[in-house]
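Trainee: Could you take me through one part of this fold up close? I'd like to look at the sheet and whatever packs against it.

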Amino acid sequence: MQLRPTFEKFYAHTKDVLAPGLKSSQWAYREMLFAGISEETSWLDLGCGHQLFPKWMDTWEKDQQVLSARSKTFVGIDYDLRSLREHQALKNRVRGDIERLPFKDQSFDLITANVVLEHVKNPVAVLKEVHRVLMPGGSFIFHTPNLLGYTTTAARLLPDTVKLKIVPYLQARPEADVFPTFYRFNTEATVKTLAGEQGFAINKLEAVETSAQTVMLGPIVVFELLWIRLLRLRLLKSLRTNLIAVLKKEP
């Protein structure tokens, strides 16, 4: 699209002025994975899709190759067969439902989920399964939208037919990669409650900022950047757009 380079250039300049240092929450999630994966890690990625990180990240391909090679075992599970077939880093692909994981008890010491849990109808079932297949002392790292964030609020107000048209334009994603959302595990309070009920200790849980979503709307992005700047105030931290968490299964 001819307008995209122009709008992206405008955004890059404006962002540096209004919200310096702003970057996608995907980078924060990436840092968590690099810190948590070693040569001894048996790793399961829930809802693995067709790549570990978004393709707009300039290091996405190298990063997933490095992490896959570093880990002792890397398994991905997804119900979408097309996505599984396209995932270049996965040697161990499983088509299945993450609410009923087809793995033995205590099979992995790390389980991850990147923008997946917002699509889950029954988060309690997922947490039970994650707890079951995690080894004692294992971690569940996930990144998901914050229900209290302005982007999620806007998404929930839009009919699915409208989202299927807007998302590809705003995010350069194909319609095939836009899935139904339920947001049943997407507030800090809900995570604390449900995780605690299923026997997890919360090692890390925070609302984080992410890059602006209205880049393709030209000057309108200025208003979003101003709001993002306000969200950097401690008082408004809970309204940031994304959640990143590390849940621990007790040893």
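Mentor: Sure, let's start with one pair of strands: β5 and β7 run antiparallel, joined by seven bridges. Look for Pro145, and you'll find it opposite Asn242 in β7. Keep in mind that this is a predicted model.

Now zoom out a bit. That pair belongs to an open sheet of seven strands, in the order β3-β2-β1-β4-β5-β7-β6, and the pairing is mixed. At the edges sit β3 (92–95) and β6, each pairing on one side only. From one strand to the next, the twist averages 15°.

Next, the helices. α5 packs on the sheet and touches β1, β4, β5, β6 and β7. Compare directions and you get about 145° between α5 and β5. α8 packs on the sheet too, touching β5, β6 and β7, and its direction makes about 170° with that of β6.

So what about the nonpolar side chains here? In soluble globular proteins, they tend to be buried together. In this model the largest nonpolar core has 28 residues, and Leu44, Leu46, Ile111, Phe140 and Phe142 touch the most other members. Both helices and several strands feed into this core: α5 (123–133), α8 (188–197), β5 (134–145) and β7 (242–249) are among the elements that each supply at least two residues. α5 gives the largest share, four residues.

Try clicking on Leu44. Leaving out residues up to four places away in sequence, its contacts include Val75, Ile77, Phe103 and Ile111. There's also a second, separate core of 20 residues, with Trp60 and Ile141 among them.

Note on methods. Residues numbered from 1 in each chain as written. Predicted model: local features only at pLDDT ≥ 70, side-chain atom pairs only at ≥ 80, totals over all residues. Heavy atoms only, no water. Core = buried A, V, L, I, M, F, W, Y, C linked by side-chain atoms within 4.5 Å. Buried < 20%, exposed > 50% of the residue type's maximum accessible area, 1.4 Å probe, protein only. Contact = heavy atoms within 4.5 Å. Pairing = 2+ DSSP bridges. Axes fitted to C-alpha atoms, helices over the stretch in contact; angles between N-to-C directions.
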